[in-house]
Amino acid sequence: MQKVAQQYGIKKESCYSYADYDKLKDNKEVQAIYIVLPNGMHAEYTVRGAQAGKHILCEKPMANTAEECQTMIDACKKADRKLMIAYRIQYEPHNRMVRDMVQKGQFGKVKSIIANNGQNSDNPKHWRFNKALAGGGSLPDVGLYCLNTIRFVLAEEPTEVVGYVHSTPDDPRFKEVEEQVNWLMKFPERCTGELCNQLRPP
């Protein structure tokens with residue numbers, strides 16, 4: 001921690017571990033906290049960060065349950081702090097350009113979008129394979145990128161969803177979370193979005 005702090009010119013007194021996380025409230029120079037912990041820890045550290053008087057930028061997915069999400073929202077409202085989930089695609093110039101093209105019908109009407117995202121880890125003890133920490137497998141972890149991008153580009157929400165999950169039998173990594181999720185969404189303008197997301201690509 002001290003090595004990284006020195007590299008970026010961070011004061012020694014502005015370095016914290018999770019053991020003294022709540023002491024951030026006494027540091028007026030810290031205006032915001034970026035929560036990059038496993039998904040199952042987002043709610044706790046967002047609430048504590050808001051109670052410390054800091055704005056919160058939280059990694060995706062927001063939390064493991066809708067109730068946890070609401071708790072985070074309520075805590076930030078109560079503390080009058082801003083809460084943002086760290087999706088980035090809507091701010092990147094190339095994604096904004098594609099959205100503009102789609103919205104203007106520059107190349108005609110979009111009829112289908114196919115998205116695929118995969119990630120591999122051979123460590124069965126990684127937090128992404130622990131349901132309490134991850135909330136689920138490939139959908140809440142990497143699938144959200146595809147889902148969020150399609151919704152952003154189309155500027156619509158799906159009206160129908162059908163899907164299935166698959167996990168390789170006897171693979172110790174997928175005892176608690178799914179390995180692969182495939183699903184199809186229909187949008188109001190009759191566009192379909194087909195997505196395949198895997199924690200272990202073939």
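Visitor: Where does alanine 155 lie?

Guide: In this predicted model, alanine 155 lies in the loop between H6 and S5.

Visitor: And what is the sign of its phi?

Guide: Phi of alanine 155 is positive, at about 55°, although the residue is not a glycine. As background, most residues other than glycine have a negative phi.

Visitor: Is alanine 155 buried, partly exposed or exposed?

Guide: The relative accessibility of alanine 155 is 40%, and the residue therefore counts as partly exposed, since that class runs between the 20% limit for buried and the 50% limit for exposed.

Visitor: Which other residue that isn't glycine has a positive phi?

Guide: Aspartate 80 is one of them, with phi near 55°. Aspartate 80 belongs to the loop between H3 and strand S3, the latter spanning residues 83–85, and because its relative accessibility is 60%, aspartate 80 counts as exposed.

Visitor: Staying with the backbone, which residues does a cis peptide bond join?

Guide: The cis peptide bond is between lysine 60 and proline 61, with omega about -15°. Proline 61 sits in the loop that connects strand S2 (55–58) with helix H3 (66–78). For context, most peptide bonds are trans.

Visitor: OK, back to S5. How many of its residues are buried?

Guide: Zero of the seven residues in S5, which covers 160–166, count as buried, and the strand is hardly covered.

Visitor: What does S5 pair with, and in which sense?

Guide: S5 pairs with strand S6 (residues 180–186) in the antiparallel sense, over seven bridges. Within that pairing, glycine 163 has tryptophan 183 of S6 as its bridge partner.

Visitor: What's the strand order in that sheet?

Guide: The order is S4-S7-S6-S5, in an open sheet of four strands with mixed pairing. Strand S4 (112–118) and S5 stand at the edges with a single partner strand each, so one side of each has no neighbour in the sheet. On average, neighbouring strands here are turned by 10° against each other, when direction is ignored.

Visitor: How many bridges join S6 to S7?

Guide: Seven bridges join S6 to strand S7, which spans residues 192–198, and the two strands run antiparallel. Glutamine 180 stands opposite glutamine 198 of S7.

Visitor: Which helix packs on this sheet?

Guide: Helix H6, made of residues 138–154, packs on the sheet and touches S4, S6 and S7, while its direction makes about 155° with that of S7.

Visitor: What about the loop between S5 and S6, which residue is found there?

Guide: Arginine 173 is one residue of that loop, and because its relative accessibility is 6%, arginine 173 counts as buried. The C-alpha atom of arginine 173 is separated by 10.0 Å from that of glycine 137, although the two residues are 36 apart along the chain.

Visitor: Switching again, which strands form the parallel sheet?

Guide: Three strands form that open sheet, in the order S1-S2-S3, and the pairing is parallel. Its edge strands are S1 (32–35) and S3, each of which pairs on one side only, and the twist from one strand to the next averages 15°.

Visitor: How many bridges are there between S2 and S3?

Guide: S2 and S3 pair over three bridges in the parallel sense, and cysteine 58 stands opposite isoleucine 85 of S3.

Visitor: Which strands does H2 lie across?

Guide: Helix H2 (residues 42–51) lies across S1, S2 and S3, and runs at about 160° to S2.

Visitor: Zooming out, how many helices and strands are in the chain?

Guide: The chain has six helices and seven strands, and from the N terminus on they follow the order α-β-α-β-α-β-α-β-α-α-β-β-β. Its C-alpha atoms fill a box of roughly 55 × 50 × 35 Å along the principal axes.

Visitor: What share of the residues is buried?

Guide: Of the 202 residues in the chain, 39% count as buried. The accessible surface of the chain is about 12,500 Å², with 53% of that area belonging to carbon and sulfur atoms.

Visitor: And which share of the contacts joins residues at least 24 apart?

Guide: That share is 62%, taken among contacts between residues at least 6 apart in sequence.

Visitor: Last one, how far apart are the mean positions of the positive and negative charges?

Guide: The mean positions of the 28 positive and 25 negative charges of the chain are 4 Å apart.

Methods:
Residues numbered from 1 in each chain as written. Predicted model: local features only at pLDDT ≥ 70, side-chain atom pairs only at ≥ 80, totals over all residues. Heavy atoms only, no water. Buried < 20%, exposed > 50% of the residue type's maximum accessible area, 1.4 Å probe, protein only. Pairing = 2+ DSSP bridges. Axes fitted to C-alpha atoms, helices over the stretch in contact; angles between N-to-C directions. Contact = heavy atoms within 4.5 Å. Areas by Shrake-Rupley, 256 points an atom, 1.4 Å probe, with all protein chains shown as cover. Lys, Arg positive; Asp, Glu negative; His and termini not counted. Charge placed at Lys NZ, Arg CZ, Asp CG, Glu CD.
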